[in-house]
Structure formats: C-alpha cells, structure tokens
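Dear colleague,

I am passing this structure on to you, since you have not worked with it before. Please look through the sequence and the model first, and then read the notes that follow.

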Amino acid sequence: MALHFELVSPEKLVFSGEVTQVDLPGSEGDFGVMEGHAPLVTTLRPGIMTVVAGGNAQKIVVLGGFAEVSDKGLTVLADTADAVKDFDRAVIAARIAELEQQATKMESGNELDKIITRLDHFKEVDRHLTGTAAH
C-alpha cells in the first residue's frame, strides 16, 4: 500500500512520490504516517524525518514546519529540509548559539521556557547528526 507524500521547503520541492511510511518529529512527539491515516494537521519541531519508499529509508533533517494528512496523502511544509548526508551542521550550530544568547538575556517566564524547549530540540538534532556521522 502506498501513500502520496510531498515535502516542500521554501527553496524547493524536496520530495514528491509514493512512500510506504513517513516518521515525523511532531511538536507533541514523534509519529508515523501510512496509507489510511486519519486526517491531521500538526506543527513539527526540529528533528529527523524518516521516509520509507521502495524498501529504502531516507533520513531528512527538518527544522520545524507543518504536516497535513488528508485523503490525498501527506504534505509537509518544512522551514528547512535536507538529507542528513547533505545537511550543513553549521546551520544547527548557529541556531543553538543564537538561542543560547537569547536565553541568557531573558528573565524567567513563558518566553524563556519556549526558547529552552526550542534549544533542546536543536541540540537533539545536533546529537543525532553527530551520532549519524560517527557510524
């Protein structure tokens, strides 16, 4: 069974085709989508998306965005999307440094909590990329 999947970033159409499954880093936790999934719209946190097509799994770094599951398939609008092997780790390092700088200037509160959560997401992606590069 196949699911139509489109991954779009501001720069390009990253992927369009039939897939078996897509695992996504949802804002409320990781989730997988296969054909027949219930309709859903959700935000994505920075993380690693896995696209399974033709028996092969491709890992893609996404730095946030939106996912929509409908009767037409799955569409992901990502802030940034690149294959793990092609991803520029300097982008992650810059985002981490920027968020750390913002966090040091803030008093405690809701905004600081949001920045710390986002910082944790970027650090998680960086750890995954470091682990992937080591294998």
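Helices and strands here are DSSP runs, a helix having at least four residues and a strand at least two, and they are numbered from the N terminus. Please keep in mind throughout that this is a predicted model. Read in sequence order, the protein follows the pattern β-β-β-β-β-β-β-β-α-α, which amounts to eight strands and two helices. Its radius of gyration is 16 Å, close to the 14 Å that the globule rule gives for 135 residues, so the protein is as compact as a globular protein of that length. Along the principal axes, the C-alpha atoms fill a box of roughly 50 × 35 × 25 Å.

Some overall values may help you to get your bearings. Of the 135 residues, 37% count as buried, and the accessible surface comes to about 7,800 Å², of which 52% belongs to carbon and sulfur atoms. Among contacts between residues at least 6 apart in sequence, 48% join residues at least 24 apart. The protein has 12 positive and 21 negative charges, and the mean positions of these two sets are 5 Å apart.

The strand I would look at to begin with is E1, which covers residues 3–8. In a regular strand the side chains alternate between the two faces of the sheet. In E1, Leu3, Phe5 and Leu7 point to one face and are buried, whereas His4, Glu6 and Val8 point to the other face and are not buried.

Which strands does E1 pair with? One partner is strand E2 (residues 13–19), which runs antiparallel to E1 and is joined to it by six bridges; the two form a hairpin with four residues between them, and within this pairing Leu7 stands opposite Phe15 of E2. Another partner is strand E7 (residues 73–78), which pairs with E1 in the parallel sense over four bridges, and there Leu74 of E7 is the bridge partner of Phe5.

Strand E7 also holds Gly73, and you may wish to know whether this residue is buried or exposed. Buried means under 20% relative accessible area, and Gly73 counts as buried because its relative accessibility is 6%. Leaving aside residues up to four places away in sequence, Gly73 touches Leu3, His4 and Glu68. The C-alpha atoms of Gly73 and Glu35 are separated by 7.4 Å, although these residues are 38 apart along the chain.

With best wishes

How values were computed. Residues are numbered from 1 along each chain as its sequence is written. This is a predicted model: local features need pLDDT of at least 70, side-chain atom pairs count only at pLDDT 80 or more; totals for chains, interfaces and linings use all residues. Side-chain values use heavy atoms; hydrogens and water are left out. The radius of gyration is taken over C-alpha atoms; the globule rule is 2.2 Å times the number of residues to the power 0.38. Buried means under 20% relative accessible area, exposed over 50%, partly exposed in between (1.4 Å probe, protein chains only). Contact means heavy atoms within 4.5 Å. Accessible areas come from the Shrake-Rupley method with a 1.4 Å probe; for residues, only the protein chains shown count as cover. Lys and Arg count as positive and Asp and Glu as negative; His and the chain ends are not counted. The place of a charge is taken as NZ of Lys, CZ of Arg, CG of Asp or CD of Glu. Two strands pair if DSSP finds at least two bridges between them.
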